[in-house]
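I sat down with this one today and kept a few notes as I went. Here they are, in the order I looked things up.

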Amino acid sequence: MRDFFQRFCENRGALVGLVVLTVIILVAITAPLLSPVDPWRSLGRPLQPPGGEFALGTDMLGRDVLAGILHGARISLWIGILSAVVAALIGVTMGAIAGFFGGWVDDVLVRITEFFQTIPSFIFAILLVAILTPGLTSIVVAIAVVTWPPIARLARAEFMTLRSREFVEAAVLSGVSRPRIILREVLPNAVSPLIVMGSLTVATAILTESALSFLGLGDPNRISWGYMIGAARTVFRHAWWLSVFPGLAIVLTVLAINLVGEGLNDALNPHLKGRRVGVQ
């Protein structure tokens, strides 16, 4: 662990990203304390520019933009993290089974993965949300369904490499069950690249949720950064702050997650240091 933290701290970009991401997470957790104003509440002063009583201005209905950004951080991060967790569970399960067992099992699961990858991911997400009706659950399901294939392919490659190692063969010969071998022997040795991929999946999920909310497919009862940008698109020329500030929040969050993912990649895989991994 000491070597891991040392390698991570050598990456200044990763440290900056970690600080920014920590601040965003703290803001999301303490949003009700930082801004006790209900982000849905109209204050009776629509389209007030930034400054004075309203630091970031108000929207068309007189709602405080700062309150919306602070409270929207919780929804955007929650959807991003939960979607990444669900996608990782699906992807790692599929990839582990395919990579460990091989043969016809591998062929079937690879074809299923390729089928999902041939469908344009964002269009598929729009279709799923429209069918399931917009809401937090449908958004999480849609994002997870379109983001698990890259994780499955990575997990498959790692398990195919590790299944022929001596410690795995020794476990097989000693009579250890295959599920136990997968969970106790192979998975811990394959977790490093999966952690990096998972962190980048969070960034992808936040961008996808923002795009869906911008198109009006977000949860109408939950405020998020994408919802704020979408609601303000008709008055962008007259009230630029309604789109710019939520957009900056999205950019900072995604950039911070990518920097942290880059640092994790360098720290967990020092022999691959310098190779950049982008958002899928």
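How much of the chain over residues 73-261 is helix, and how much is strand? I should say at the outset that I am reading a predicted model. I got 83% helix and 0% strand for that stretch, with its end C-alpha atoms 20 Å apart. I picked the range from UniProt, where an unreviewed entry annotates residues 73-261 as "domain: ABC transmembrane type-1".

**Entry: helix α5**

I turned next to α5, residues 103-118. Its 16 residues reach 23 Å from first C-alpha to last, close to the 22 Å expected at 1.5 Å a residue. Which residues of α5 are buried? I found Val105, Asp106, Leu109, Val110 and Thr113. They cover an arc of only 120 degrees around the axis, so they sit on the same side of α5. On the other side of the helix I noted Trp104, Arg111 and Thr118 as exposed.

**Entry: salt bridges**

How many salt bridges does a search of the whole structure find? The search returned 4, and I followed up some of them.

I looked at Arg156 and Asp106 to start with, whose side chains meet at 2.6 Å, N to O. Arg156 belongs to helix α7 (residues 136-162) and Asp106 to α5, so this pair ties together parts that are 50 residues apart in sequence. I have Asp106 down as buried, because its relative accessibility is 8%, while Arg156 counts as partly exposed at 24%.

Then I checked Arg111 and Glu114, which form a salt bridge at 3.5 Å, N to O. Both are in α5, and being 3 residues apart they are separated by about one helical turn. Arg111 is on my list of exposed residues, and Glu114 is partly exposed with a relative accessible area of 32%.

I also pulled up Asp59 and Arg63, bridged at 2.7 Å, N to O. Are these two partners buried or exposed? Asp59 counts as buried at 11% relative accessibility, and Arg63 is buried too, at 10%.

**Entry: a nonpolar patch**

Last, I went over the surface. I noted a nonpolar patch of about 350 Å², made by Leu127, Ile131, Leu132 and Val141. Which helix gives the most to this patch? It is α6 (residues 121-132), with 3 residues. I looked closer at Leu127, which is found in α6. With a relative accessible area of 46%, Leu127 is partly exposed; patch members need over 30%, so Leu127 clears that cut-off.

Terms used: Residues numbered from 1 in each chain as written. Predicted model: local features only at pLDDT ≥ 70, side-chain atom pairs only at ≥ 80, totals over all residues. Heavy atoms only, no water. Patch = residues over 30% accessible without salt bridge, like charges linked within 9 Å, V, L, I, M, F, W, Y side chains within 5 Å. Areas by Shrake-Rupley, 256 points an atom, 1.4 Å probe, with all protein chains shown as cover. Helix = DSSP H or I, 4+ residues; strand = E, 2+ residues; numbered from the N terminus. Buried < 20%, exposed > 50% of the residue type's maximum accessible area, 1.4 Å probe, protein only. UniProt positions renumbered as here; feature names shortened; annotations may be inferred. Expected span 1.5 Å × (residues − 1). Arc of directions from axis to C-beta.
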